[in-house]
Amino acid sequence: MTAPFGRRACEVLDGHASGGYRVFSLLDREGPEPEPGQFYMLAAESHWEERGGRPFLPRAFSVADADPADGGVRLDFLIEGVGPGTDRLCELVEGERVWLNGPLGNSFSSPRELSENAAGAILVGGGIGIAPLALWRRRLAARNVPARVLLGFRDETHSGGLDDLFACCEVALASDDGHIGHHGYVTDLLAVMLDGDDAQSAAVYACGPPPMLDAVQALCTSGEVACELAMESPMACGYGACYGCAVPRGDGTYLRLCVDGPVVRA
Ligand SMILES: Cc1cc2nc3c(=O)[nH]c(=O)nc-3n(C[C@H](O)[C@H](O)[C@H](O)COP(=O)(O)OP(=O)(O)OC[C@H]3O[C@@H](n4cnc5c(N)ncnc54)[C@H](O)[C@@H]3O)c2cc1C
Ligand code: FES
């Protein structure tokens, strides 16, 4: 287990709407640059324990983009307001401060680490799960690893982040309600892609709601395609101490998703 980095207050550089989601950027003056797939525990410095005492604990968020900046590392997060913690983070404006702990957890493996035949990557994101794939796509592009990107959304309200995080790259889209791209699931697009001759020369990386991850896992298992999933479970500490994030493995044992994940082999 890696010891957590110290909790530190970071300044909000920007906060704006991105479709139905919200993007905000922090300046981390102390931390190292994160790896794609890693996450941070975040809590607003002010107005955090106001809504009936909640949220009280910090909340876990994937880093969606990271770049060296003047005085530290600029970190971008994509947030969907679903409760008191995310609602407060959606309100953040420039100049406020956020308590941050991280980067935490493991990161995506390279395609060649997953499968020696893998010549490229297929990234499959659903809803707010597109966040960690944005940084991964940028890092793969920087290493000249070809990556195809498939993103799906439930409806227009539950979608966003495309212009902020996936500009300048080709993306195949799907939506459950047909408002954009293929009318259906993003896994329909993956199934067609994996039917192609070169399917086994790719490694698949997926993040999204549990039913989507189940479908990706089933498709990759039956096609014998290497795959990693970035998963979620409720997290109280983020660094292995509370066991709140335990999820069962197929063999009856458990893993702590914050230290053994959030990226797991399908
Ligand atoms: C590794 C990791 C990365 C994440 N990355 C992002 C991200 O990039 N953007 C983003 O918007 N959200 C992300 N999340 C989810 C985010 O942490 C939760 O939405 C947040 O904790 C909800 O807090 P809340 O106070 O707003 O709502 P709460 O009232 O605490 O929760 C709202 C609802 O979501 C459920 N819930 C809370 N936490 C989780 C969770 N971790 N997994 C599944 N269900 C949960 C609750 O049971 C409840 O039904 C991530 C979670 C993890 C574990
Ligand atoms: S969140 Fe505490 S052990 Fe994983």
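Which polar backbone atom lies 2.8 Å from a nitrogen atom of ligand 1? In this predicted model, the partner of that nitrogen atom is a polar backbone atom of Leu 78.

**The surroundings of ligand 1**

Around ligand 1 there are 20 residues, and those that come nearest are Arg 59, Ala 60, Leu 78, Gly 85 and Thr 86. Sorted by class, the shell around ligand 1 is made up of 11 nonpolar, 5 polar and 4 charged residues. At least two residues of this shell are supplied by each of β4 (59–62), β6 (72–79) and α1 (84–90), and the largest share, 4 residues, comes from β4.

The polar pairs between ligand 1 and the protein include the following.

| Atom of ligand 1 | Partner in the protein | Distance |
|---|---|---|
| nitrogen atom | polar backbone atom of Leu 78 | 2.8 Å |
| oxygen atom | N or O atom in the side chain of Arg 54 | 2.9 Å |
| oxygen atom | polar backbone atom of Glu 80 | 3.0 Å |

Taken on its own, ligand 1 has 870 Å² of accessible area, and the protein covers 74% of that area.

**The loop between β3 and β4, and a second cis bond**

Arg 54, whose side chain has an N or O atom 2.9 Å from an oxygen atom of ligand 1, is also joined to Pro 55 by a cis peptide bond, with omega at about 5°. Pro 55 is found in the loop that runs between β3 (39–44) and β4, and His 47 lies in the loop between β3 and β4 as well. His 47 is a residue other than glycine, yet its phi is positive, near 55°. As background to both features, most residues other than glycine have a negative phi, and most peptide bonds are trans.

Another cis peptide bond joins Gly 261 and Pro 262, where omega is about 10°; Pro 262 lies in the loop between α7 (257–260) and β16 (263–265).

**The packing of α5 and α6**

Two packed helices are described by the angle between their axes and by the distance between those axes. Helix α5, which spans residues 186–194, packs with helix α6, residues 210–223, at an angle of about 10°, and their axes are 10 Å apart. Because of this angle, α5 is roughly parallel to α6. On the side of α5, the residues that take part in the contact are Val 186, Thr 187, Leu 190, Ala 191 and Leu 194, and in α6 they meet Met 212, Ala 215, Val 216, Leu 219 and Cys 220. By class, this contact of α5 with α6 has 9 nonpolar residues, 1 polar residue and no charged residues.

Methods: Residues are numbered from 1 along each chain as its sequence is written. Chains are lettered from A and ligands numbered from 1 in the order in which they are written. This is a predicted model: local features need pLDDT of at least 70, side-chain atom pairs count only at pLDDT 80 or more; totals for chains, interfaces and linings use all residues. Side-chain values use heavy atoms; hydrogens and water are left out. A residue is near a molecule or strand if one of its heavy atoms lies within 4 Å of it. A polar contact is a pair of N or O atoms within 3.5 Å; within protein, one must be able to donate a hydrogen and the other to accept it, and residues adjacent in sequence count only if both atoms are side-chain atoms. Accessible areas come from the Shrake-Rupley method with a 1.4 Å probe; for residues, only the protein chains shown count as cover. Ala, Val, Leu, Ile, Met, Phe, Trp, Tyr, Cys and Pro count as nonpolar, Asp, Glu, Lys and Arg as charged, and the others, Gly among them, as polar. Axes are lines fitted to C-alpha atoms, for helices over the stretch in contact, and angles run from 0 to 180 degrees between N-to-C directions. Angles under 35 degrees count as roughly parallel, over 145 as roughly antiparallel, 65 to 115 as roughly perpendicular and the rest as oblique. Contact means heavy atoms within 4.5 Å.
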